[in-house]
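User: Hi, I'm new to this one. Can you walk me through it, starting with the aromatic rings?

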Amino acid sequence: MRVSGHTWQQIPIRKGGRGLLKTPEENNPLNPHLLRGTNLTYGFFGKRGFQMINIFRRQRTPFFDLFVLAILSAVVLFLALGQNRHWSSREIRHAEIIREMAESGDYLVPRLLGKVYYDKPPVMHAPAALLTRLMGGPSMTIARLPSAVAGMIGILATYGIGLLFFDRRTALIGAIALLGTIGYSKMAREARPDMILCASILLSCLCLGLGMKKQIGFPRVLWLVSAGLFAGLGAITKGPYGVLVPVLFAVFAPIRRQDFKRPRSDWFWFAFALVAVLAIWAIPAYLRDNGEYLRNVLSQPDLNVTKKDSGNPFYYLSHGFLYSLPPLLFLPCAIADLRRRGYSAPLAIAGALFVIISCIPKKRPHYFLPLEPFIALGIANALVHYCKSSQLVRRAAWLIIPLPIIAIPLYFTTIQPLIQPYKNSEMYLAQEVYKVTGLNAQIYCSSGDAEVLAWVGQQYKRIHRLNTKDPHLSIRDLCNAEANSYLVISEDDLKSIYKDAEPFLKKLILQRKAHNKKKMLFLIGVKDT
(Lines give C-alpha, C1' and ligand atoms only; values in the text may rest on other atoms or scores of the structure.)
Protein backbone atom coordinates (compact mmCIF):
# COMPACT_ATOMS: atom_id res chain seq x y z
CA MET A 1 0.00 0.00 0.00
CA ARG A 2 1.34 3.46 -0.93
CA VAL A 3 0.53 6.82 0.64
CA SER A 4 1.76 9.91 -1.21
CA GLY A 5 4.39 7.92 -3.03
CA HIS A 6 5.68 6.05 0.00
CA THR A 7 4.97 2.57 1.25
CA TRP A 8 3.59 2.50 4.79
CA GLN A 9 6.85 0.98 6.01
CA GLN A 10 8.69 4.08 4.73
CA ILE A 11 6.45 6.73 6.26
CA PRO A 12 8.69 8.65 8.68
CA ILE A 13 7.66 8.89 12.32
CA ARG A 14 8.83 11.71 14.54
CA LYS A 15 9.38 10.27 18.03
CA GLY A 16 8.07 12.51 20.80
CA GLY A 17 7.79 15.43 18.38
CA ARG A 18 11.57 15.99 18.46
CA GLY A 19 14.71 14.46 17.06
CA LEU A 20 15.32 12.61 13.81
CA LEU A 21 12.61 11.10 11.70
CA LYS A 22 12.60 7.33 12.13
CA THR A 23 10.79 4.47 10.42
CA PRO A 24 8.95 1.83 12.48
CA GLU A 25 11.88 -0.56 11.97
CA GLU A 26 14.29 2.00 13.38
CA ASN A 27 12.01 2.58 16.35
CA ASN A 28 12.12 -1.13 17.19
CA PRO A 29 14.70 -1.64 20.00
CA LEU A 30 15.06 -5.29 19.04
CA ASN A 31 15.99 -4.57 15.42
CA PRO A 32 19.27 -6.51 15.01
CA HIS A 33 20.47 -4.09 12.29
CA LEU A 34 20.66 -1.35 14.94
CA LEU A 35 22.97 -3.56 17.00
CA ARG A 36 25.43 -4.20 14.18
CA GLY A 37 28.86 -2.85 14.98
CA THR A 38 28.24 -3.02 18.72
CA ASN A 39 28.97 -5.61 21.35
CA LEU A 40 25.26 -6.44 21.44
CA THR A 41 24.95 -7.82 17.90
CA TYR A 42 22.25 -10.52 18.21
CA GLY A 43 23.70 -11.30 21.66
CA PHE A 44 22.67 -14.43 23.46
CA PHE A 45 19.55 -14.93 21.35
CA GLY A 46 21.09 -14.99 17.89
CA LYS A 47 19.39 -13.83 14.72
CA ARG A 48 16.60 -16.40 14.88
CA GLY A 49 16.05 -15.55 18.55
CA PHE A 50 15.51 -11.89 17.72
CA GLN A 51 13.11 -12.82 14.94
CA MET A 52 11.10 -14.99 17.34
CA ILE A 53 10.99 -12.19 19.93
CA ASN A 54 9.70 -9.75 17.30
CA ILE A 55 7.03 -12.24 16.23
CA PHE A 56 6.05 -12.75 19.85
CA ARG A 57 5.73 -9.00 20.48
CA ARG A 58 3.49 -8.58 17.43
CA GLN A 59 1.27 -11.60 18.06
CA ARG A 60 0.85 -11.35 21.84
CA THR A 61 -2.88 -11.54 22.64
CA PRO A 62 -5.07 -11.01 25.70
CA PHE A 63 -5.22 -14.80 26.05
CA PHE A 64 -1.47 -14.85 26.51
CA ASP A 65 -1.78 -12.07 29.11
CA LEU A 66 -4.37 -14.15 30.97
CA PHE A 67 -2.04 -17.14 30.88
CA VAL A 68 0.83 -15.09 32.33
CA LEU A 69 -1.44 -13.68 35.05
CA ALA A 70 -2.64 -17.17 35.94
CA ILE A 71 0.95 -18.39 36.31
CA LEU A 72 1.94 -15.39 38.44
CA SER A 73 -1.18 -15.81 40.59
CA ALA A 74 -0.42 -19.47 41.16
CA VAL A 75 3.13 -18.64 42.25
CA VAL A 76 2.06 -15.86 44.61
CA LEU A 77 -1.07 -17.49 46.09
CA PHE A 78 -0.47 -21.26 46.05
CA LEU A 79 3.12 -21.69 47.23
CA ALA A 80 3.22 -22.84 50.89
CA LEU A 81 -0.56 -22.43 51.05
CA GLY A 82 -0.88 -25.10 53.74
CA GLN A 83 1.61 -23.56 56.18
CA ASN A 84 0.76 -24.02 59.88
CA ARG A 85 3.09 -21.39 61.33
CA HIS A 86 0.48 -18.64 61.31
CA TRP A 87 -3.31 -18.83 61.45
CA SER A 88 -5.34 -15.72 60.77
CA SER A 89 -8.38 -14.65 62.76
CA ARG A 90 -11.24 -17.19 62.55
CA GLU A 91 -9.36 -19.17 59.94
CA ILE A 92 -9.29 -22.35 62.03
CA ARG A 93 -13.03 -21.93 62.65
CA HIS A 94 -13.81 -22.20 58.95
CA ALA A 95 -11.35 -25.09 58.58
CA GLU A 96 -13.18 -27.00 61.33
CA ILE A 97 -16.56 -26.28 59.74
CA ILE A 98 -15.23 -27.72 56.48
CA ARG A 99 -13.94 -30.82 58.29
CA GLU A 100 -17.28 -31.44 60.03
CA MET A 101 -19.21 -30.86 56.80
CA ALA A 102 -17.06 -33.43 55.01
CA GLU A 103 -17.52 -35.84 57.91
CA SER A 104 -21.32 -35.50 58.03
CA GLY A 105 -21.97 -35.21 54.28
CA ASP A 106 -24.41 -32.33 54.86
CA TYR A 107 -23.35 -29.63 52.38
CA LEU A 108 -26.32 -27.31 52.92
CA VAL A 109 -26.11 -26.40 56.62
CA PRO A 110 -22.67 -25.69 58.15
CA ARG A 111 -21.93 -26.83 61.70
CA LEU A 112 -19.28 -25.93 64.24
CA LEU A 113 -18.62 -28.38 67.09
CA GLY A 114 -21.83 -30.17 66.15
CA LYS A 115 -24.06 -27.09 66.38
CA VAL A 116 -25.55 -25.21 63.43
CA TYR A 117 -23.38 -22.27 62.39
CA TYR A 118 -25.52 -19.32 61.29
CA ASP A 119 -22.91 -16.64 60.60
CA LYS A 120 -21.97 -17.66 57.04
CA PRO A 121 -23.77 -19.75 54.37
CA PRO A 122 -21.69 -22.66 53.04
CA VAL A 123 -20.52 -21.01 49.80
CA MET A 124 -16.87 -21.53 50.72
CA HIS A 125 -17.32 -24.56 52.97
CA ALA A 126 -19.23 -26.86 50.59
CA PRO A 127 -16.65 -27.07 47.75
CA ALA A 128 -13.81 -27.42 50.25
CA ALA A 129 -15.72 -30.20 52.06
CA LEU A 130 -16.26 -32.06 48.79
CA LEU A 131 -12.56 -31.79 48.04
CA THR A 132 -11.77 -33.00 51.56
CA ARG A 133 -13.79 -36.16 51.01
CA LEU A 134 -12.17 -36.63 47.62
CA MET A 135 -8.65 -36.29 49.06
CA GLY A 136 -9.43 -38.54 52.02
CA GLY A 137 -8.79 -36.08 54.85
CA PRO A 138 -8.74 -32.43 55.94
CA SER A 139 -5.82 -30.04 55.64
CA MET A 140 -5.20 -26.31 55.77
CA THR A 141 -4.29 -26.41 52.08
CA ILE A 142 -7.77 -27.63 51.17
CA ALA A 143 -9.41 -25.18 53.59
CA ARG A 144 -7.58 -22.26 51.97
CA LEU A 145 -7.90 -23.48 48.38
CA PRO A 146 -11.31 -21.84 47.61
CA SER A 147 -9.93 -18.45 48.63
CA ALA A 148 -6.77 -18.92 46.57
CA VAL A 149 -8.74 -19.97 43.46
CA ALA A 150 -11.12 -17.03 43.97
CA GLY A 151 -8.07 -14.75 44.27
CA MET A 152 -6.76 -15.97 40.92
CA ILE A 153 -10.17 -15.52 39.30
CA GLY A 154 -10.34 -11.99 40.72
CA ILE A 155 -7.01 -11.12 39.09
CA LEU A 156 -8.21 -12.36 35.70
CA ALA A 157 -11.53 -10.51 36.08
CA THR A 158 -9.67 -7.31 36.98
CA TYR A 159 -7.68 -7.66 33.76
CA GLY A 160 -10.94 -8.03 31.84
CA ILE A 161 -12.42 -4.92 33.47
CA GLY A 162 -9.22 -3.07 32.61
CA LEU A 163 -9.66 -4.00 28.95
CA LEU A 164 -13.18 -2.54 29.06
CA PHE A 165 -11.95 0.80 30.36
CA PHE A 166 -8.41 1.09 28.99
CA ASP A 167 -5.88 -0.72 26.80
CA ARG A 168 -4.06 -4.03 27.32
CA ARG A 169 -1.01 -2.44 28.89
CA THR A 170 -3.03 -0.64 31.55
CA ALA A 171 -5.13 -3.72 32.23
CA LEU A 172 -2.04 -5.89 32.67
CA ILE A 173 -0.32 -3.40 35.00
CA GLY A 174 -3.52 -3.05 37.05
CA ALA A 175 -3.90 -6.80 37.45
CA ILE A 176 -0.25 -7.23 38.46
CA ALA A 177 -0.53 -4.32 40.90
CA LEU A 178 -3.59 -5.93 42.47
CA LEU A 179 -1.81 -9.27 42.83
CA GLY A 180 0.98 -7.51 44.71
CA THR A 181 -1.41 -5.58 46.98
CA ILE A 182 -0.86 -6.63 50.60
CA GLY A 183 -4.52 -6.85 51.57
CA TYR A 184 -5.57 -8.77 48.46
CA SER A 185 -2.80 -11.38 48.48
CA LYS A 186 -3.12 -11.82 52.25
CA MET A 187 -6.87 -12.46 52.09
CA ALA A 188 -6.45 -14.83 49.13
CA ARG A 189 -4.21 -17.06 51.26
CA GLU A 190 -6.68 -17.38 54.16
CA ALA A 191 -9.59 -19.74 54.79
CA ARG A 192 -12.21 -16.99 54.84
CA PRO A 193 -15.17 -16.28 52.51
CA ASP A 194 -14.20 -12.65 51.79
CA MET A 195 -12.17 -13.46 48.67
CA ILE A 196 -15.09 -15.41 47.19
CA LEU A 197 -17.21 -12.28 47.67
CA CYS A 198 -14.57 -10.15 45.93
CA ALA A 199 -14.26 -12.54 42.97
CA SER A 200 -18.07 -12.69 42.61
CA ILE A 201 -18.27 -8.89 42.59
CA LEU A 202 -15.55 -8.54 39.97
CA LEU A 203 -17.09 -11.19 37.70
CA SER A 204 -20.48 -9.49 38.03
CA CYS A 205 -18.95 -6.11 37.11
CA LEU A 206 -17.09 -7.65 34.16
CA CYS A 207 -20.28 -9.23 32.81
CA LEU A 208 -22.18 -5.97 33.34
CA GLY A 209 -19.53 -4.09 31.38
CA LEU A 210 -19.61 -6.58 28.53
CA GLY A 211 -23.41 -6.40 28.54
CA MET A 212 -23.39 -2.60 28.41
CA LYS A 213 -21.08 -2.76 25.39
CA LYS A 214 -23.43 -5.20 23.61
CA GLN A 215 -26.12 -2.73 22.66
CA ILE A 216 -28.96 -5.07 21.71
CA GLY A 217 -29.94 -8.68 21.33
CA PHE A 218 -29.27 -11.97 22.99
CA PRO A 219 -25.57 -11.34 23.87
CA ARG A 220 -26.58 -8.38 26.04
CA VAL A 221 -29.21 -10.45 27.85
CA LEU A 222 -26.73 -13.29 28.36
CA TRP A 223 -24.14 -10.99 29.93
CA LEU A 224 -26.71 -9.37 32.22
CA VAL A 225 -27.97 -12.78 33.33
CA SER A 226 -24.38 -13.81 34.10
CA ALA A 227 -23.87 -10.57 36.04
CA GLY A 228 -26.97 -11.31 38.11
CA LEU A 229 -25.81 -14.85 38.83
CA PHE A 230 -22.45 -13.67 40.18
CA ALA A 231 -24.08 -10.85 42.15
CA GLY A 232 -26.40 -13.41 43.73
CA LEU A 233 -23.44 -15.60 44.67
CA GLY A 234 -21.81 -12.60 46.31
CA ALA A 235 -25.02 -11.76 48.18
CA ILE A 236 -25.25 -15.29 49.57
CA THR A 237 -21.61 -15.16 50.60
CA LYS A 238 -21.59 -11.87 52.51
CA GLY A 239 -24.93 -10.11 52.17
CA PRO A 240 -25.96 -6.99 50.19
CA TYR A 241 -22.35 -5.97 49.47
CA GLY A 242 -22.43 -8.45 46.58
CA VAL A 243 -25.17 -6.42 44.86
CA LEU A 244 -24.07 -2.92 45.86
CA VAL A 245 -20.79 -2.89 43.93
CA PRO A 246 -22.24 -4.07 40.56
CA VAL A 247 -24.95 -1.42 40.84
CA LEU A 248 -22.32 1.28 41.46
CA PHE A 249 -20.37 -0.08 38.50
CA ALA A 250 -23.43 0.32 36.26
CA VAL A 251 -23.85 3.90 37.51
CA PHE A 252 -20.26 5.15 37.12
CA ALA A 253 -18.82 3.07 34.26
CA PRO A 254 -20.80 4.66 31.36
CA ILE A 255 -19.99 8.26 32.36
CA ARG A 256 -18.15 9.97 29.47
CA ARG A 257 -18.22 6.71 27.52
CA GLN A 258 -20.13 6.57 24.24
CA ASP A 259 -19.57 2.82 23.91
CA PHE A 260 -21.35 1.99 27.18
CA LYS A 261 -25.13 1.93 27.43
CA ARG A 262 -26.80 1.45 30.81
CA PRO A 263 -29.46 -1.24 31.07
CA ARG A 264 -33.04 -0.02 31.34
CA SER A 265 -35.68 -2.65 30.86
CA ASP A 266 -32.84 -5.17 30.64
CA TRP A 267 -32.31 -4.81 34.39
CA PHE A 268 -35.08 -7.41 34.58
CA TRP A 269 -32.65 -10.10 33.45
CA PHE A 270 -30.07 -9.08 36.04
CA ALA A 271 -32.70 -9.13 38.80
CA PHE A 272 -34.17 -12.41 37.56
CA ALA A 273 -30.79 -14.18 37.69
CA LEU A 274 -30.05 -12.64 41.11
CA VAL A 275 -33.32 -13.91 42.58
CA ALA A 276 -32.82 -17.32 40.92
CA VAL A 277 -29.45 -17.83 42.63
CA LEU A 278 -30.86 -16.78 45.99
CA ALA A 279 -33.77 -19.17 45.52
CA ILE A 280 -31.49 -22.10 44.64
CA TRP A 281 -29.94 -21.77 48.11
CA ALA A 282 -32.88 -20.43 50.13
CA ILE A 283 -35.65 -22.85 49.07
CA PRO A 284 -33.85 -26.08 50.08
CA ALA A 285 -32.66 -24.38 53.28
CA TYR A 286 -36.25 -23.36 54.08
CA LEU A 287 -37.75 -26.75 53.33
CA ARG A 288 -35.18 -28.49 55.51
CA ASP A 289 -36.55 -27.22 58.85
CA ASN A 290 -39.50 -24.95 57.93
CA GLY A 291 -37.25 -21.91 57.68
CA GLU A 292 -35.59 -21.98 61.11
CA TYR A 293 -32.06 -22.05 59.71
CA LEU A 294 -32.87 -19.40 57.10
CA ARG A 295 -34.44 -17.06 59.67
CA ASN A 296 -31.44 -17.36 61.96
CA VAL A 297 -29.05 -16.63 59.08
CA LEU A 298 -30.97 -13.49 58.07
CA SER A 299 -31.23 -12.26 61.68
CA GLN A 300 -27.66 -13.00 62.73
CA PRO A 301 -25.80 -10.18 64.55
CA ASP A 302 -23.05 -10.12 61.90
CA LEU A 303 -25.49 -8.60 59.37
CA ASN A 304 -26.26 -5.69 61.68
CA VAL A 305 -23.97 -3.03 60.19
CA THR A 306 -25.51 -0.30 62.39
CA LYS A 307 -23.69 -1.65 65.44
CA LYS A 308 -20.92 0.81 66.18
CA ASP A 309 -17.71 -0.97 67.16
CA SER A 310 -15.16 1.68 66.21
CA GLY A 311 -15.40 5.30 67.20
CA ASN A 312 -12.87 6.38 64.57
CA PRO A 313 -14.61 7.89 61.50
CA PHE A 314 -11.26 7.75 59.64
CA TYR A 315 -10.79 4.03 60.28
CA TYR A 316 -10.39 3.17 56.60
CA LEU A 317 -7.89 5.93 55.94
CA SER A 318 -5.33 4.07 58.03
CA HIS A 319 -6.39 0.45 57.48
CA GLY A 320 -7.22 1.00 53.83
CA PHE A 321 -3.86 2.64 53.19
CA LEU A 322 -1.95 -0.24 54.78
CA TYR A 323 -3.96 -2.94 53.02
CA SER A 324 -3.63 -1.21 49.61
CA LEU A 325 0.16 -0.91 49.65
CA PRO A 326 2.31 -0.74 47.60
CA PRO A 327 0.18 0.51 44.63
CA LEU A 328 -1.36 3.24 46.80
CA LEU A 329 2.06 4.89 47.03
CA PHE A 330 1.31 6.20 43.53
CA LEU A 331 -2.00 7.77 44.61
CA PRO A 332 -0.60 11.33 44.14
CA CYS A 333 0.04 10.47 40.48
CA ALA A 334 -3.53 9.20 40.15
CA ILE A 335 -4.94 12.38 41.72
CA ALA A 336 -2.83 14.59 39.47
CA ASP A 337 -3.86 12.58 36.41
CA LEU A 338 -7.49 12.80 37.54
CA ARG A 339 -7.26 16.59 37.72
CA ARG A 340 -5.70 16.68 34.25
CA ARG A 341 -8.16 14.33 32.53
CA GLY A 342 -11.26 14.99 34.61
CA TYR A 343 -12.68 11.52 35.27
CA SER A 344 -11.68 7.93 35.98
CA ALA A 345 -14.42 5.33 36.27
CA PRO A 346 -12.43 2.88 38.48
CA LEU A 347 -11.46 5.65 40.91
CA ALA A 348 -15.04 6.95 40.95
CA ILE A 349 -16.33 3.48 41.88
CA ALA A 350 -13.64 3.11 44.56
CA GLY A 351 -14.43 6.59 45.93
CA ALA A 352 -18.17 5.87 46.13
CA LEU A 353 -17.51 2.59 47.95
CA PHE A 354 -15.12 4.32 50.34
CA VAL A 355 -17.75 6.90 51.27
CA ILE A 356 -20.40 4.22 51.83
CA ILE A 357 -18.33 1.93 54.05
CA SER A 358 -17.01 4.94 55.98
CA CYS A 359 -20.57 6.00 56.79
CA ILE A 360 -21.48 2.52 58.08
CA PRO A 361 -20.90 2.41 61.87
CA LYS A 362 -19.56 -1.14 61.79
CA LYS A 363 -15.93 -1.17 60.65
CA ARG A 364 -14.00 -4.19 59.39
CA PRO A 365 -10.66 -4.28 57.50
CA HIS A 366 -11.99 -6.78 54.97
CA TYR A 367 -14.79 -4.39 53.95
CA PHE A 368 -12.05 -2.53 52.06
CA LEU A 369 -11.19 -5.55 49.91
CA PRO A 370 -13.62 -4.87 46.98
CA LEU A 371 -12.14 -1.38 46.58
CA GLU A 372 -8.63 -2.62 45.89
CA PRO A 373 -9.16 -3.87 42.28
CA PHE A 374 -10.61 -0.51 41.22
CA ILE A 375 -7.86 1.42 43.01
CA ALA A 376 -5.25 -0.74 41.24
CA LEU A 377 -6.79 -0.07 37.82
CA GLY A 378 -7.11 3.67 38.44
CA ILE A 379 -3.49 3.93 39.57
CA ALA A 380 -2.31 1.77 36.65
CA ASN A 381 -3.96 4.14 34.19
CA ALA A 382 -2.22 7.11 35.81
CA LEU A 383 1.14 5.31 35.77
CA VAL A 384 0.85 4.57 32.04
CA HIS A 385 0.34 8.27 31.39
CA TYR A 386 3.10 9.45 33.72
CA CYS A 387 5.66 6.86 32.62
CA LYS A 388 5.67 8.46 29.17
CA SER A 389 6.90 11.77 30.53
CA SER A 390 8.57 11.06 33.89
CA GLN A 391 11.61 8.82 34.11
CA LEU A 392 11.44 8.91 37.93
CA VAL A 393 7.87 7.59 37.98
CA ARG A 394 8.73 4.96 35.38
CA ARG A 395 11.69 3.66 37.38
CA ALA A 396 9.75 3.71 40.65
CA ALA A 397 6.85 1.81 39.06
CA TRP A 398 9.17 -0.83 37.58
CA LEU A 399 10.69 -1.34 41.03
CA ILE A 400 7.67 -1.12 43.36
CA ILE A 401 4.84 -2.77 41.39
CA PRO A 402 6.56 -6.13 40.61
CA LEU A 403 8.44 -6.32 43.94
CA PRO A 404 5.63 -8.01 45.95
CA ILE A 405 5.25 -10.65 43.23
CA ILE A 406 8.73 -11.81 44.22
CA ALA A 407 8.58 -10.97 47.93
CA ILE A 408 5.35 -12.79 48.86
CA PRO A 409 6.28 -16.32 47.71
CA LEU A 410 9.84 -15.75 48.94
CA TYR A 411 8.53 -14.89 52.40
CA PHE A 412 6.28 -17.94 52.76
CA THR A 413 8.76 -20.43 51.30
CA THR A 414 12.06 -19.16 52.72
CA ILE A 415 11.80 -16.34 55.27
CA GLN A 416 8.85 -17.52 57.37
CA PRO A 417 10.37 -20.97 58.07
CA LEU A 418 13.47 -19.17 59.37
CA ILE A 419 11.77 -16.64 61.64
CA GLN A 420 8.94 -18.99 62.68
CA PRO A 421 10.56 -22.44 62.67
CA TYR A 422 7.87 -24.00 64.87
CA LYS A 423 4.19 -24.69 64.34
CA ASN A 424 1.44 -22.31 65.35
CA SER A 425 1.47 -21.88 69.16
CA GLU A 426 -2.23 -22.82 69.45
CA MET A 427 -1.68 -25.95 67.39
CA TYR A 428 1.35 -26.85 69.52
CA LEU A 429 -0.69 -26.37 72.72
CA ALA A 430 -3.46 -28.63 71.40
CA GLN A 431 -0.95 -31.36 70.55
CA GLU A 432 0.56 -31.08 74.04
CA VAL A 433 -2.91 -31.33 75.60
CA TYR A 434 -3.73 -34.50 73.66
CA LYS A 435 -0.43 -36.07 74.70
CA VAL A 436 -1.62 -35.75 78.31
CA THR A 437 -5.35 -36.42 77.94
CA GLY A 438 -5.57 -38.77 74.99
CA LEU A 439 -8.39 -38.51 72.46
CA ASN A 440 -11.06 -40.11 74.66
CA ALA A 441 -11.02 -37.68 77.61
CA GLN A 442 -13.68 -35.02 78.21
CA ILE A 443 -12.16 -31.55 77.76
CA TYR A 444 -13.76 -28.25 78.82
CA CYS A 445 -12.44 -25.02 77.30
CA SER A 446 -13.35 -21.63 75.83
CA SER A 447 -14.78 -21.27 72.32
CA GLY A 448 -11.51 -20.47 70.51
CA ASP A 449 -9.61 -23.29 72.21
CA ALA A 450 -12.44 -25.71 71.43
CA GLU A 451 -12.14 -25.05 67.68
CA VAL A 452 -8.38 -25.65 67.71
CA LEU A 453 -8.70 -28.83 69.81
CA ALA A 454 -11.42 -30.16 67.50
CA TRP A 455 -9.31 -29.46 64.41
CA VAL A 456 -6.11 -30.99 65.80
CA GLY A 457 -7.88 -34.01 67.34
CA GLN A 458 -10.20 -34.47 64.32
CA GLN A 459 -13.20 -34.85 66.64
CA TYR A 460 -15.51 -32.58 68.65
CA LYS A 461 -17.86 -34.85 70.59
CA ARG A 462 -15.70 -34.90 73.76
CA ILE A 463 -15.01 -31.17 73.69
CA HIS A 464 -17.26 -28.84 75.69
CA ARG A 465 -17.30 -25.08 75.24
CA LEU A 466 -17.59 -22.90 78.34
CA ASN A 467 -19.40 -19.57 78.21
CA THR A 468 -16.56 -17.54 79.72
CA LYS A 469 -18.64 -14.36 79.49
CA ASP A 470 -21.05 -15.83 82.08
CA PRO A 471 -19.10 -17.32 85.03
CA HIS A 472 -22.26 -18.87 86.52
CA LEU A 473 -22.91 -20.96 83.40
CA SER A 474 -19.26 -22.01 83.32
CA ILE A 475 -19.42 -23.22 86.94
CA ARG A 476 -22.64 -25.11 86.23
CA ASP A 477 -20.96 -26.95 83.35
CA LEU A 478 -17.96 -27.79 85.53
CA CYS A 479 -20.30 -29.16 88.22
CA ASN A 480 -21.69 -31.62 85.67
CA ALA A 481 -18.24 -32.69 84.44
CA GLU A 482 -17.26 -36.34 84.71
CA ALA A 483 -14.46 -37.38 87.04
CA ASN A 484 -10.96 -37.06 85.56
CA SER A 485 -12.03 -34.55 82.95
CA TYR A 486 -9.76 -31.70 81.89
CA LEU A 487 -10.01 -27.94 81.69
CA VAL A 488 -8.07 -25.78 79.19
CA ILE A 489 -8.37 -22.12 80.15
CA SER A 490 -6.47 -18.87 79.82
CA GLU A 491 -5.13 -17.06 82.84
CA ASP A 492 -7.53 -14.13 82.33
CA ASP A 493 -10.61 -16.37 82.07
CA LEU A 494 -9.51 -18.34 85.12
CA LYS A 495 -9.38 -15.19 87.24
CA SER A 496 -13.04 -14.47 86.50
CA ILE A 497 -14.24 -17.88 87.71
CA TYR A 498 -11.45 -18.99 90.07
CA LYS A 499 -13.31 -18.34 93.33
CA ASP A 500 -16.18 -20.66 92.35
CA ALA A 501 -14.11 -23.06 90.25
CA GLU A 502 -11.32 -23.62 92.77
CA PRO A 503 -13.03 -26.68 94.39
CA PHE A 504 -13.03 -28.42 90.99
CA LEU A 505 -9.37 -27.81 90.07
CA LYS A 506 -7.55 -30.90 91.26
CA LYS A 507 -4.16 -30.46 89.60
CA LEU A 508 -2.33 -28.07 87.26
CA ILE A 509 -0.72 -30.31 84.63
CA LEU A 510 0.88 -27.89 82.17
CA GLN A 511 0.94 -24.27 81.15
CA ARG A 512 2.01 -22.78 77.84
CA LYS A 513 1.87 -19.43 76.11
CA ALA A 514 -0.35 -19.55 73.04
CA HIS A 515 -1.42 -16.62 70.90
CA ASN A 516 0.10 -14.16 73.41
CA LYS A 517 -1.95 -15.61 76.25
CA LYS A 518 -0.97 -17.89 79.09
CA LYS A 519 -2.99 -21.12 78.82
CA MET A 520 -3.26 -23.82 81.51
CA LEU A 521 -4.41 -27.43 81.57
CA PHE A 522 -6.09 -28.64 84.75
CA LEU A 523 -7.34 -32.05 85.81
CA ILE A 524 -10.81 -31.34 87.19
CA GLY A 525 -13.31 -33.09 89.44
CA VAL A 526 -14.45 -32.63 93.05
CA LYS A 527 -11.35 -32.50 95.28
CA ASP A 528 -10.80 -35.26 97.83
CA THR A 529 -11.63 -34.13 101.38
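Analyst: Sure, one term to begin with. Rings of Phe, Tyr and Trp (its six-membered ring) pair if their centres lie within 6.5 Å; planes under 30 degrees apart count as stacked, over 60 as edge-to-face and the rest as tilted. By that rule the structure holds 11 aromatic pairs. The rings of Phe165 and Phe166, for instance, have centres 6.0 Å apart and planes at 50 degrees, so this pair is tilted.

User: Before we go on, what kind of model is this, and how are the residues numbered?

Analyst: It's a predicted model: local features need pLDDT of at least 70, side-chain atom pairs count only at pLDDT 80 or more, and totals for chains, interfaces and linings use all residues. Residues are numbered from 1 along each chain as its sequence is written, and side-chain values use heavy atoms, with hydrogens and water left out.

User: Back to the rings. Is Phe165 buried or exposed? And what does Phe166 count as?

Analyst: Buried means under 20% relative accessible area, exposed over 50%, and partly exposed in between (1.4 Å probe, protein chains only). Phe165 is buried, at 9%, while Phe166 comes out as partly exposed with 22% relative accessibility. As for a stacked pair, take Phe268 and Phe272: 6.1 Å centre to centre, with 25 degrees between the planes.

User: How far apart are Phe268 and Phe272 in the helix?

Analyst: They are 4 residues apart in helix α13 (residues 267-289), so about one helical turn separates them. Helices here (H or I, at least four residues) and strands (E, at least two) are DSSP runs, numbered from the N terminus.

User: Which residues form an aromatic cluster?

Analyst: Phe165 and Phe166 again, joined by Phe249 and Phe260 in one cluster.

User: Which rings have an Arg over them?

Analyst: A charge sits over a ring if NZ of Lys or CZ of Arg is within 6 Å of the ring centre and within 35 degrees of the ring normal. Arg189 lies over the face of Phe412, 3.8 Å from the ring centre. Over the ring of Tyr386 you find the charged end of Arg340, at 5.1 Å from the centre.

User: Zooming out, how many helices and strands does the chain have?

Analyst: There are 24 helices and 11 strands. The chain has 529 residues, and 47% of them count as buried.

User: What's the strand order in the open sheet of 5 strands?

Analyst: The order runs β8-β7-β9-β11-β10, with mixed pairing. Two strands pair if DSSP finds at least two bridges between them. At the edges are β8 (463-465) and β10 (505-514), each pairing on one side only.

User: In which sense do β9 and β11 pair?

Analyst: Antiparallel, over 6 bridges, between β9 (residues 485-490) and β11 (residues 517-524). One residue you can look up is Val488, whose bridge partner in β11 is Leu521.

User: Which helix lies across β7, β8, β9, β10 and β11?

Analyst: That's α21 (residues 425-437), which runs at about 150 degrees to β10. Axes are lines fitted to C-alpha atoms, for helices over the stretch in contact (heavy atoms within 4.5 Å). Angles run from 0 to 180 degrees between N-to-C directions.

User: New topic: where is Pro373?

Analyst: Pro373 is in helix α18 (residues 372-387) and counts as buried, at 1% relative accessibility. Setting aside its neighbours within four places in sequence, Pro373 is in contact with Thr158, Leu178, Cys198 and Leu202. Its C-alpha atom is 8.2 Å from that of Ile155, though the two residues are 218 residues apart along the chain.

User: Which peptide bond is cis, with omega near 0 degrees?

Analyst: The one from Leu325 to Pro326. Pro326 is in the loop between α15 (315-323) and α16 (331-341).

User: What about Leu113 and Arg256: what's phi for each?

Analyst: Leu113 has a positive phi of about 55 degrees although it is not a glycine. Arg256, another residue other than glycine, has a positive phi near 60 degrees. Leu113 is in the loop between β5 (111-112) and β6 (115-116) and is buried at 9% relative accessibility. Arg256 is in the loop between α12 (241-252) and α13, and at 62% relative accessibility Arg256 counts as exposed.
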